[in-house]
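This is a short report on a predicted model. It begins with overall dimensions and then turns to one helix.

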Amino acid sequence: MIEVERLSKTYQMGEQKVSALDGVDFTIEKGEFVAIMGPSGSGKSTLMNLLGCLDLPSSGIYRLENLDIQDLKPNQLAEVRNRSIGFVFQSFNLLPRATALENTELPLLYGRVAKSAEIAFQALERVGLAHRAKHRPTELSGGERQRVAIARALVNSPAIILADEPTGNLDSTTGKEILNLFLELNQEGVTVILVTHELEVAQQTKRIIQMRDGKIINDTMNGVLSC
Amino acid sequence: MLIWVMFKMALRSLLTHKLRTFLTALGIIIGVASVISMISIGEGARLQTLNTISKFGTNIITIKPGQKKSRHVTTGKVDTLTLEDADFVEKNISLITGVAAQVYRSAQLKFENKNTNTTVRGTGASYARLANFEMDRGRYFNNEEIRSAQRVCVVGSTVLKNLFEGINPLGKTVKVDGKNFLVIGTTVSKGALSWYDPDDQIFIPVTTAQKRVFGMKHVQSIDVQAEKIEDLETIKEDISRFLRQRHNISEGKEDDFYVQNSAQWLNSWGDAAKTFTYLLGGIAAISLMVGGIGIMNIMLVSVTERTREIGIRKAIGAKKREILEQFLIESVLISFLGGGIGILLGIGISRIVSNIGGWETIVSTQSIILSFGFSVAIGVFFGFYPANKAANLNPIEALRYE
């Protein structure tokens with residue numbers, strides 16, 4: 001499903017070239033639940049941006065569902081993001097003036113999917129928030145907001161859900177609930193890639209990729225971490 | 001489908017900042033309202049004037065004195081026409097039904113303890129007929145009274161109201177610049193224009209005016225009535241030829257008089273009024289432009305404020321074009337809103353102007369369509385730059401924006 005070969009990203013910082021990602025290789029199969037860990041500056045955000053088709057690599061190959069992402073134009077990237085990727089952010093990133101249902105519906109509208117309101121409502125039902133459909137983000141708790149964001153990520157039945165520290169802004173109880181939701185979704189067959197710095201969270205996933213200085217230093221299956 | 005959702009979103013974002021939206025739209029509101037009301041005032045003035053001018057009859061040729069030139073030096077005096085010229089025209093030109101020489105000046109009128117300033121017009125006996133004045137009471141002066149320069153006068157209805165409220169003026173004596181005149185008639189009101197009231201004048205014999213009131217030997221204009229409109233050109237040519245001869249103007253020299261018919265005068269007035277309307281409209285259009293700059297300014301602020309929102313939209317798959325459209329819809333909506341309110345306001349202003357100011361105003365569909373179209377175009381034009389800026393934002397940076 002995801003094939004990454006010698007993926008690199010360098011940024012121009014004034015006179016200097018900074019290598020944020022330095023020749024990364026891995027593959028992720030359909031139905032996996034992968035945690036990406038690493039200290040800040042290790043390149044995990046850069047990797048997420050590339051996997052999420054928000055940015056293009058400086059070199060290397062990123063193949064998503066057999067599509068060569070590195071060769072795409074901005075509008076094609078937007079289409080891939082819309083169709084194949086669901087984002088869940090640490091700070092929820094919901095539109096403040098739109099209701100939960102409207103927030104969830106938005107990707108379907110950009111994808112020009114018919115019966116968008118119905119599908120969006122089903123997605124809200126799936127995350128247990130059907131009764132809050134007409135509420136705006138400001139009227140929802142942090143956990144509820146993150147559920148809306150997950151519903152929005154799910155609504156287009158994407159190939160992968162990319163979650164960037166989804167529990168980072170939540171208390172531990174709510175964080176656990178959200179993590180359980182990801183686990184449930186994964187059991188239903190959704191591929192999830194999750195960035196976290198909490199070992200506790202990472203240990204519940206099937207696979208942990210550890211990064212440092214733009215490189216993968218560890219890639220372990222079944223949550224057995226070799227430190 | 002998507003466009004409808006975008007429209008709803010744009011409306012919602014405008015409603016979130018009601019005051020800001022209103023202030024932004026205000027520029028357009030004022031612009032459109034001023035375009036519509038200015039053009040309506042200009043058009044109203046033009047049509048009303050043309051109507052009134054055509055009331056004087058389109059079969060009238062007016063001879064006006066020109067400047068006398070001696071050795072290419074213009075003296076500046078315009079006293080080239082005389083009563084004798086008028087008589088000469090009447091006797092020698094065919095195809096005409098009347099000639100009326102005129103002199104006019106404003107003067108003070110006094111009756112008992114009331115006074116008024118008005119136009120005193122010295123005319124021939126046929127002037128009332130030529131200028132379409134109907135008699136209300138009494139009669140117009142006759143040729144005999146003109147020949148002997150009698151001090152008699154006919155009073156217009158505005159003067160009548162000012163001086164003789166509730167009194168029968170016939171047989172009363174009125175003082176014109178201190179000289180006594182006997183009132184022998186009154187005219188039926190013709191209705192006033194905002195800038196000219198044909199009823200605010202009194203008529204006295206042209207000879208009396210020349211000798212006893214103004215102290216002048218020339219006349220200021222000679223009206224000639226043609227029997228048929230088709231003959232106007234022939235008559236004009238005849239008048240020119242005869243008067244040149246009479247004034248001893250040699251071949252190749254310019255006339256010392258002008259011959260115009262009212263149709264020409266109507267046209268040139270119409271053109272002047274149109275220019276005036278365009279000028280008013282143009283000035284108003286500038287305020288519409290300023291309104292457009294206001295939209296651009298607010299949209300730029302809005303794009304900056306909503307950087308994060310733009311980032312979210314891009315992350316979930318909005319294309320550049322869709323972001324562009326969203327912001328364009330917003331700015332066009334503002335100008336649309338402003339245009340709509342501006343039209344109502346403009347119509348309201350022109351109503352008020354015609355009710356209170358007494359100016360006739362005409363709100364033309366053309367000016368509505370023009371100003372509305374222009375304001376929407378301004379929304380697109382000035383909204384494009386901010387919208388394009390939003391559409392080109394980098395999604396990663398936009399998402400990181402606090």
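What radius of gyration does chain A have, and what would a compact globule with 227 residues have? Chain A has 17 Å, which agrees with the value near 17 Å for such a globule. The radius is taken over C-alpha atoms, and the globule rule is 2.2 Å times the number of residues to the power 0.38.

The model is predicted: local features need pLDDT of at least 70, side-chain atom pairs count only at pLDDT 80 or more, and totals for chains, interfaces and linings use all residues. Residues are numbered from 1 along each chain as its sequence is written, chains are lettered from A and ligands numbered from 1 in the order written, and side-chain values use heavy atoms, without hydrogens and water.

| Chain A property | Value |
|---|---|
| C-alpha box along the principal axes | roughly 50 × 40 × 35 Å |
| Buried residues (under 20% relative accessible area, 1.4 Å probe, protein chains only) | 56% of 227 residues |
| Accessible surface (Shrake-Rupley, 1.4 Å probe) | about 10100 Å² |
| Carbon and sulfur part of that surface | 48% |

Chain A holds seven helices and 10 strands. These are DSSP runs: H or I of at least four residues for helices, E of at least two for strands, numbered from the N terminus.

Helix 3 of chain A spans residues 100–110, and 10 of its 11 residues are buried. Among them are Leu101(A), Leu106(A) and Tyr110(A). Their cover comes from both chains. It includes helix 2, helix 4 and helix 5 of chain A. Chain B adds helix 1, helix 10 and helix 11. After helix 3 comes Arg112(A), with a positive phi near 55°.

Methods: Buried means under 20% relative accessible area, exposed over 50%, partly exposed in between (1.4 Å probe, protein chains only). Contact means heavy atoms within 4.5 Å.
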